[in-house]
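Biologist: I have a new model on my screen and would like some help reading it. Could you walk me through a few features, with the general idea before each case?

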Amino acid sequence: MIKDYFLNNVENALKNAILKGNLGQMNDYTPNSLVVEKPKNPDFGDFAVNVSSLARVARIAPPAIANAIVAEIDDKDNEYSVIGGFINFKAGQKLLLAAIEEIFKKKEAFGRPENIDKEKIILEYVSANPTGPFHIGHGRWAAMGSALANLLKFYGHEVYQEFYINDAGSQIQKLGNSLAIRIRQKMGEDVDFPTDELERKNYYPGDYLIPVAEKFVENSAEILKGTSLEVKDFCKPVQSEETLNILCDFAKNEMENLQKALLENFRVNFDNFYSELTLHKSGKVDECVNKLKASGKIYTKDGADWFRSSDFGDDQDRVIKKADGANTYLTADIAYHIDKLERGFDRMINIWGADHHGYVARVKASIEALGYDPNKLEILLGQLVNLVINGNEVRMGKRKNMVTLDDLIEEVGVDATRFWMCMRSIDNTLDFDIELAKTNSDENPVFYVQYAHARACSILRNATESKIDTETGKSIPAPMSVSEFDELVNNYKSEILAPTLDSARKLVLKLEEFKSLIKLSAETRQVYTICRYVQELAAEFHSFYNANRVISDDKELMKSRLALVISVKQVLNNALNLLGVSAPERM
RNA sequence: GCGUGUGUAGCUCAGUUGGAUAGAGCGUUUGGCUACGAACCAAAAGGUCGGGGGUUCGAAUCCCUCCACGCGUACCA
């Protein structure tokens with residue numbers, strides 16, 4: 001990377017200057033403490049290092065330090081200048097040409113770092129209850145999670161994406177009982193969900209179970225094969241254990257299928273769906289409880305078993321087995337995380353909604369109590385999503401104004417939904433403005449970026465296509481032949497770019513920046529940086545396009561600019577791929 | 001109360017680990033198409049970085065304190 005090249009030169013020169021005694025006594029100097037930044041004023045250069053931090057140790061004024069360092073730099077290909085305590089750097093032709101050459105050479109792999117500490121990562125996200133359709137909040141985790149998976153894979157890690165199905169516990173009973181009411185309605189009974197608010201909480205009154213009930217009734221013969229039951233056996237106010245189990249299983253299955261279909265449509269591809277129920281059945285949960293007991297971190301109070309999580313930094317101890325003998329949600333979650341570790345992952349990354357933040361300390365505590373390294377668990381807490389409709393915020397969470405993710409995607413499309421869900425830092429609540437996301441105008445960053453890609457494709461098409469003059473009716477030959485174009489793509493030499501380099505400095509630097517971006521985004525786990533980058537790159541390209549005509553009679557200049565367009569197209573593709581947003585050839 | 005996140009231009013947000021004159025997009029104003037896609041570009045106006053203290057040569061960034069808003073604070077999942 002150009003900025004690393006620069007930093008490296010500065011660091012080496014600094015060492016030499018110290019050895020020569022030109023920087024006074026640098027006893028307390030910590031090596032590699034300098035940071036490369038971008039100059040506020042682009043006239044100063046492409047990159048800069050501020051050496052003021054060395055002034056205190058060296059007891060020399062910052063400009064003198066900067067000059068002493070620059071004096072030790074032996075690099076005639078690039079420009080170094082000192083202003084105040086800053087060493088400014090302007091990349092010479094060689095570095096810029098090499099950047100584009102690298103794009104042609106690596107193509108879809110451009111941006112991947114060379115040497116990284118590869119980790120085997122399990123990334124868990126969405127992990128919803130199979131009790132209903134996704135709401136828009138799930139959409140944020142789905143979009144961000146899959147983009148993060150793409151990014152970490154691209155970076156070089158091994159990434160396993162997992163969805164934890166919360167299919168155990170009382171909410172499934174609620175689901176089964178709710179389906180029973182819908183079935184009875186379908187069968188013509190005059191029943192409805194309780195109107196009493198407290199009682200209503202034991203049901204899912206949303207419309208989405210109506211088609212499930214229809215399906216159940218229509219296919220009842222098949223569903224109930226092997227039992228002595230009929231549909232009318234389900235039309236009772238209180239379900240038997242047998243009928244309830246059937247209802248629960250059926251409804252749960254339907255909901256899971258609904259969710260899986262949506263995820264696929266949303267370009268979210270999990271490697272595994274891990275059922276909480278199978279975790280219980282496997283005995284792993286009990287095993288975990290026993291291990292915790294053996295470690296002496298469990299005590300009994302008020303008839304329940306408590307885990308001493310406060311010994312590991314949690315605010316208070318947590319119940320792990322209720323007085324009625326049932327495990328809590330936490331108990332299963334502990335077993336689940338231990339299971340992940342036992343499956344051999346180096347790192348577990350979870351994306352959780354901010355409403356779960358209280359769980360971080362207790363899960364980490366359990367991992368530590370069981371003798372594992374809690375630092376292997378990295379929890380990314382995401383702030384929630386607000387929907388903005390006609391300029392008004394609509395709070396999510398209340399079932400009443402629930403907008404499902406299906407509806408949202410249908411309304412604004414997969415590309416725009418994914419981009420909008422990813423475009424803000426995970427620490428910020430996200431305002432999702434439906435109207436804005438829908439518009440195909442400059443108010444919408446997705447289209448701005450996609451337009452840049454389509455425009456690049458259009459130019460490349462024009463390069464090899466003949467045209468007909470609308471006035472004279474004569475055919476205008478193609479600016480270059482297809483074989484010439486292929487030659488440019490496949491046998492790119494860096495000299496080709498030279499004629500346009502001066503007018504495209506900023507664009508080339510932005511393209512090269514993709515490498516730094518990947519490193520930054522992957523290491524900080526923040527995908528919104530990709531959204532920003534892609535907008536900046538598109539802006540540089542549009543600007544270049546308006547200032548320079550690509551297709552022209554000057555063949556060398558045309559090839560040169562075409563090479564740049566090809567590079568832009570490639571890098572936009574690479575970046576949009578990570579986001580799971582399409583890069584259209586035409587719009 | 002405690003925990004946690006946020007507060008930067010009219011709006012939505014960046015700000016790379018303390019540095020140069022605080023930056024983008026939208027909106028507003030002005031200019032640019034008989035030329036490769038104007039879904040674009042160029043330019044201007046717009047700021048007490050929530051308030052107040054402190055550390056430092058230097059603070060949007062670190063510390064303290066106060067204010068406002070979101071989320072959490074279950075033997076629910």
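Modeller: Gladly! Let us begin with a pair of residues facing each other across two strands: Asn50 stands opposite Phe86 in β4. Keep in mind that this is a predicted model.

Biologist: In what sense do β2 and β4 pair, and over how many bridges?

Modeller: The sense of a pair tells you how the two strands run relative to each other. Here β2 and β4 are antiparallel, and four bridges join them.

Biologist: Which other strands belong to this sheet, and in what order?

Modeller: To read a sheet, walk across it from neighbour to neighbour. This one is open and has four strands, in the order β1-β2-β4-β3, with antiparallel pairing. At the edges are β1 (36-37) and β3 (79-83), each of which pairs on one side only.

Biologist: What can I say about the side chains as I follow a strand?

Modeller: In a regular strand they alternate between the two faces of the sheet. For the partners in this sheet, look at the bridges. β1 and β2 share two bridges in the antiparallel sense, and Val36 faces Val49 in β2. On the other side, β3 and β4 pair over five bridges, also antiparallel; there Tyr80 has Phe89 in β4 as its bridge partner.

Biologist: How many residues lie between β3 and β4?

Modeller: Two residues separate them, and the strands form a hairpin. In a turn, it is worth checking the sign of phi. Gly84 in this turn has a positive phi of about 60°.

Biologist: Now for the RNA. Which residues are closest to strand B?

Modeller: Start with who surrounds the strand, then ask which atoms take part. RNA strand B is surrounded by 62 residues, the closest being Lys322, His357, Tyr359, Arg455 and Asn462. By class, this surface has 23 nonpolar, 22 polar and 17 charged residues.

Biologist: Which element gives the most to that surface?

Modeller: That is α18, with seven residues. Among the elements that each supply at least two residues are β2 (47-50) and β4 (86-90), which brings us back to our sheet, as well as α6 (170-186) and α21 (528-547).

Biologist: What share of the RNA atoms within 4 Å of the protein belongs to sugar or phosphate?

Modeller: The share is 62%, and the rest belong to bases. Individual contacts illustrate both kinds. The side chain of Asn428 places an N or O atom 2.8 Å from a phosphate oxygen of strand B, while Thr429 has a backbone N or O atom 3.5 Å from a phosphate oxygen. For the bases, a polar backbone atom of Val550 is 3.0 Å from a base nitrogen.

Biologist: Let us turn inside the protein. Why does Lys340 count as buried?

Modeller: Burial is judged by relative accessibility, with under 20% as the cut-off. Lys340 counts as buried because its value is 0%. This lysine is in helix α13 (residues 329-342). Across chain A, 51% of the 587 residues count as buried.

Biologist: Which residues line the largest cavity?

Modeller: For an enclosed space, read its volume and then its walls. The largest cavity holds about 40 Å³ of space. Its lining consists of Met144, Leu148, Ile351, Leu380, Ile426, Arg525, Gln526 and Val527, which by class gives six nonpolar, one polar and one charged residues.

Biologist: And how many helices and strands does chain A have overall?

Modeller: Chain A has 22 helices and 17 strands. Its C-alpha trace spans about 85 × 80 × 40 Å along the principal axes.

Note on methods: Residues numbered from 1 in each chain as written. Chains lettered and ligands numbered in written order. Predicted model: local features only at pLDDT ≥ 70, side-chain atom pairs only at ≥ 80, totals over all residues. Heavy atoms only, no water. 1 Å grid on protein atoms, 1.4 Å probe; cavity = no way out; pocket = protein on both sides within 12 Å on 5 of 7 lines; lining within 4 Å. Points joined across faces, edges and corners; volume = space filled by probe spheres on them. Nonpolar A, V, L, I, M, F, W, Y, C, P; charged D, E, K, R; others polar. Near = heavy atom within 4 Å. Polar contact = N/O pair within 3.5 Å; in protein donor to acceptor, adjacent residues only side chain to side chain. Pairing = 2+ DSSP bridges. Buried < 20%, exposed > 50% of the residue type's maximum accessible area, 1.4 Å probe, protein only.
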